Amino acid sequence: MAAEADMEAAAATVAAVATEAATVAAVATEAATVVMAEAVADALDTMIIFIIMAELAIPTRTTIRRHRRSAP
């Protein structure tokens, strides 16, 4: 009887540890997802800034025409 109780206690402990490990894995996966999402958002922000800077720095035909028209 004592051996059966010990086996049941060990099985319950193993189940609890497995459940805890699954929870830790889920939290780690969620954390990694959040970190990756933040990295992608930062990269997109940087890309948008560079696109805006490029648009401001490179005069298009329209802006050249506007400058020619507004010149004295």
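## Charges along the chain

Lys and Arg count here as positive and Asp and Glu as negative, while His and the chain ends are not counted. The place of a charge is taken as NZ of Lys, CZ of Arg, CG of Asp or CD of Glu. On that basis, the protein carries 5 positive and 9 negative side chains, and 56 Å lies between the centres of the two sets.

A word on the model: it is predicted, so local features need pLDDT of at least 70 and side-chain atom pairs count only at pLDDT 80 or more, while totals for chains, interfaces and linings use all residues. Residues are numbered from 1 along each chain as its sequence is written, and side-chain values use heavy atoms, with hydrogens and water left out.

## Overall shape

You will find two helices and zero strands in the protein; helices (H or I, at least four residues) and strands (E, at least two) are DSSP runs, numbered from the N terminus. Taken along the principal axes, the C-alpha atoms fill a box of roughly 105 × 10 × 10 Å.

The radius of gyration, taken over C-alpha atoms, is 31 Å. A compact globule of 72 residues would have a value near 11 Å, by the rule of 2.2 Å times the number of residues to the power 0.38.

## Surface

Buried residues make up 0% of the 72, where buried means under 20% relative accessible area, exposed over 50% and partly exposed in between (1.4 Å probe, protein chains only). The protein exposes about 6400 Å², with carbon and sulfur atoms supplying 70% of this area. Accessible areas come from the Shrake-Rupley method with a 1.4 Å probe, and for residues only the protein chains shown count as cover.

## Helix α1 and the loop

Helix α1 spans residues 2-57 and includes L56. L56 is exposed, because its relative accessible area is 73%.

After α1 comes the loop that leads to α2 (61-70), and T60 lies in this loop. T60 counts as partly exposed because its relative accessibility is 36%. Its C-alpha atom is 28 Å from that of D42, and the two are 18 residues apart along the chain.

## Helix α2

T63 lies in helix α2, and so does R65. T63 is partly exposed because its relative accessibility is 27%; R65 is partly exposed too, because its relative accessible area is 45%.

How far apart in space are R65 and A3, C-alpha to C-alpha? They are separated by 93 Å, with their positions 62 residues apart in sequence. For T63 and A11, 52 residues apart along the chain, the C-alpha separation is 76 Å.
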